[in-house]
Amino acid sequence: MLRFCGIFFGILLVLVVLSGIETRSQYRVDDELAAFRPIDAGEETNELAGNDIEQSGPPPHTEYAKMARYLVHKAEWVSMGSLSTVDAIKGYPMVNIIASADSARGAKSTGTLYFYLTMLDYTAQDLSKDNRLTVLLSMDQDLECSKNGIDPMEPTCARIMISGRAVRLEEGTDEFTFGKNAMFSRHPAAKHWLDTHNFFLCKLDIVQIAVLDYYGGPHYVTVEEYMKANPDTDGSEKAHPLLRLSQDAFAAPEVISNSDSERTITVKIKKDSPVRHINLEV
């Protein structure tokens, strides 16, 4: 009987020890993932309410620098391409979604993209070896094109490709404070990223800007033109085709004549109409 009791208490002691180890392990896992957990009720959320610019919509498609600034200011995230350092695909292009901001929500555009990186992520690992990158931004990132019946691949759904180098900002500088506040304004969850994952703040030092916002191929904007452009000014008198479409500002194709006897229909389309194709069934 005494031997049985000794075995029983021995097993019980082992179970208690294992339970404590499991609990401590769970606490460690919870601590590591805390930055990416849903935020408790009553705390700040990371709900993105949009960042409307003080104008009725995108600028005219011929104002390429202003279009680039418009999309950068509107964006809450970018598709960021780097050159992979992973052995199996070393040197191949690699892409990632990176949260970004060029100013606090509701503030004026600056044109400078700020973003956080961590060495736990492959993008930062790539850029630590070669800090060249390209970001892609699309007008459809908030479904503006899709909601107006325009496929995101159509040139009238504007997109820009900005190439340059990632530059880590020095903590304590005025620009660091500005970029941090801009990110916290647009991405409140970023405050929690810093707690356990060693994120660091960077900006994009721009080398080239390509804008595709209409038919005929991309247009290239210099950094000087880009920084001088002001996307906050109104360009409604020559609105982008997407805005004209959404506001029904252009006339639908007009039937001039329709003769049953001649079985002939004449259609008139305005010169600046975004209509490109008309399908007829007889």
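The following dialogue reads selected features of a predicted model.

Me: Let us begin with the cysteines. How many disulfides does a search of the whole structure find?

Reply: A disulfide is a covalent bond between the sulfur atoms of two cysteines. Here the search of the whole structure finds one. It joins Cys145 to Cys157, with an S to S distance of 2.1 Å.

Me: Which parts does the pair Cys145 and Cys157 tie together?

Reply: Cys145 belongs to helix α4, whereas Cys157 sits in the loop between α4 and β5 (159-168), so the bond links parts twelve residues apart in sequence.

Me: What is the handedness of the disulfide between Cys145 and Cys157?

Reply: The torsion about the S-S bond is about 95 degrees, so this disulfide is right-handed.

Me: Are Cys145 and Cys157 buried or exposed?

Reply: Both Cys145 and Cys157 are buried. Another cysteine, Cys202, also counts as buried, because its relative accessibility is 3%, and the cut-off for that class is under 20%.

Me: I should like to turn to backbone angles. Which phi value does Leu143 have?

Reply: Leu143 is not a glycine, yet its phi is positive, at about 65 degrees. This residue is placed in the loop between β4 (132-138) and α4 (144-147). Leu143 counts as partly exposed because its relative accessibility is 46%.

Me: Where does Asn198 lie, and what is its phi?

Reply: Asn198 is found in the loop between α6 (190-196) and β6 (200-212). Its phi is positive too, at about 55 degrees, although Asn198 is not a glycine. With a relative accessibility of 63%, Asn198 counts as exposed, since the cut-off for exposed is over 50%.

Me: How should the strand pairing around β6 be read? In which sense do β5 and β6 pair, and over how many bridges?

Reply: β5 and β6 pair in the antiparallel sense over ten bridges. Within this pairing, Met161 stands opposite Ala210 of β6. β6 also pairs with β3, again in the antiparallel sense, over four bridges; there, Tyr116 has Leu201 in β6 as its bridge partner.

Me: How many bridges join β6 to β7, and what do these two strands form?

Reply: Three bridges join β6 to β7 (residues 219-221), and the two strands run antiparallel. Val211 has His219 in β7 as its bridge partner. Together β6 and β7 form a hairpin with six residues between them. In the turn, Gly216 has a positive phi of about 115 degrees.

Me: Next, a loop residue. Is Ser100 buried or exposed?

Reply: Ser100 counts as buried because its relative accessibility is 1%. Its place is in the loop between β2 (93-99) and β3 (114-117).

Me: Which residues is Ser100 in contact with, leaving aside its neighbours within four places in sequence?

Reply: With those neighbours set aside, Ser100 is in contact with Ala75, Glu76, Trp77 and Val78, and also with Leu113, Tyr114, Met183 and His187.

Me: Finally, how is burial read along a helix? How many residues of α2 are buried?

Reply: An α-helix has 3.6 residues a turn, so residues three or four places apart point the same way. Helix α2 (residues 64-74) is mostly covered, with ten of its eleven residues buried. Among them are Ala65, Met67, Ala68, Tyr70, Leu71 and Val72. Lys66, Arg69, His73 and Lys74 are buried as well.

Conventions: Residues numbered from 1 in each chain as written. Predicted model: local features only at pLDDT ≥ 70, side-chain atom pairs only at ≥ 80, totals over all residues. Heavy atoms only, no water. Buried < 20%, exposed > 50% of the residue type's maximum accessible area, 1.4 Å probe, protein only. Disulfide = S-S within 2.5 Å. Contact = heavy atoms within 4.5 Å. Pairing = 2+ DSSP bridges.
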